[in-house]
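The following exercises are to be worked with the sequence and the three-dimensional structure at hand. Each task is followed by a solution in steps.

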Amino acid sequence: MTWTTFKNLIFRSGGTNDDRGYRHSCIFCRIATGEEFPGHSDNDLLHNDDKLVAFKDIKPAATRHYLVIPKMHVASVRTLNRSKEDHAMICEMLKLGKELLHRDAPGAETRFGFHVPPFNSVDHIHLHCFALPFSPAWKESKYRQYPFLPFATFMSEEEVLKRTQPDVGQDAKASQQGGKL
Ligand SMILES: [Zn+2]
Ligand SMILES: [Zn+2]
């Protein structure tokens with residue numbers, strides 16, 4: 001593989017399509033509509049409301065390992081916008097993940113984050129929520145940021161919140177224009 005091909009793979013591939021409509025080919029869209037279950041039945045859903053669904057990761061890497069997804073098909077962190085809507089969506093996903101872990105593993109140390117394409121398993125954005133420890137311990141390597149790499153494989157919730165945070169100037173201008181960003 002040439003460096004250019006590799007770079008294209010890392011920086012452009014997977015989940016860069018902006019279309020947020022339902023797609024039948026996406027397993028998380030089908031879970032969101034109830035056509036498919038994350039386990040054996042809808043009892044396997046940890047949460048289901050008009051915007052978000054949560055369920056256990058099928059290959060748990062920690063004491064608790066949950067996924068929170070929006071019902072809307074958002075391909076990945078790469079297709080998020082710096083906007084009130086996307087920032088609010090990430091905040092709600094995180095809030096739900098924290099609540100579920102707090103309920104099921106009170107007092108445990110937690111970790112949250114998102115895979116960056118092409119290191120994501122499914123092209124529908126999902127927040128990984130962990131109650132630690134990782135088990136087996138080496139699995140942690142799949143769910144952490146490596147600052148020395150020239151590209152991100154995994155992004156912490158803080159990083160994604162920062163990247164979606166609408167900037168104050170733009171926000172003020174938008175509210176003058178009737179609230180639309
Ligand atoms: Zn989807
Ligand atoms: Zn993932």
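A residue is called buried if 20 or more other C-beta atoms lie within 10 Å of its own, and exposed if 12 or fewer do. The model is predicted.

**Exercise 1.** Determine whether strand 2 is mostly covered or uncovered, and describe how strand 2 pairs with strand 1 and strand 3.

Solution.
1. Apply the definition of burial to strand 2: four of its five residues are buried, and the strand is thus mostly covered.
2. Consider strand 1, which spans residues 45–48. Strand 1 and strand 2 are antiparallel and share three bridges. Within this pair, leucine 45 lies opposite phenylalanine 55 of strand 2. The link between strand 1 and strand 2 is a hairpin of three residues.
3. Turn to strand 3. Strand 2 and strand 3 also run antiparallel, with five bridges between them. Alanine 54 has valine 68 of strand 3 as its bridge partner. A hairpin of five residues leads from strand 2 to strand 3.

**Exercise 2.** State the order of helices and strands along the sequence.

Solution.
1. Count the elements: the protein has five helices and six strands.
2. Write them in sequence order, which gives α-α-β-β-β-α-β-β-β-α-α.

**Exercise 3.** Identify the residues that touch the most other members of the largest nonpolar core, and the elements that contribute to this core.

Solution.
1. The largest nonpolar core holds 32 residues, of which Ala54, Tyr66, Val68, Ile69 and Cys129 touch the most other members.
2. Two or more residues each come from helix 2 (27–33), strand 2 (52–56), strand 3 (62–70), helix 3 (84–104), strand 4 (110–115) and strand 5 (127–134).
3. Examine tyrosine 66 in particular. Beyond its neighbours within four places in sequence, its contacts include Ala54, Leu100, Leu101 and Cys129.
4. Relate this to a general tendency: in soluble globular proteins, nonpolar side chains tend to be buried together.

**Exercise 4.** Establish whether histidine 128 is buried or exposed, and list its contacts outside its neighbours within four places in sequence.

Solution.
1. Locate the residue: histidine 128 belongs to strand 5. An unreviewed UniProt entry annotates His128 as "active site".
2. Compare its neighbour count with the cut-off: histidine 128 is buried because it has 21 C-beta neighbours inside 10 Å.
3. Leave aside the neighbours within four places in sequence; histidine 128 is then in contact with Leu67, Phe112, Gly113, Phe114 and Tyr143.

Conventions:
Residues numbered from 1 in each chain as written. Chains lettered and ligands numbered in written order. Predicted model: local features only at pLDDT ≥ 70, side-chain atom pairs only at ≥ 80, totals over all residues. Core = buried A, V, L, I, M, F, W, Y, C linked by C-beta atoms within 7 Å. Contact = placed C-beta atoms within 7 Å. Pairing = 2+ DSSP bridges. UniProt positions renumbered as here; feature names shortened; annotations may be inferred.
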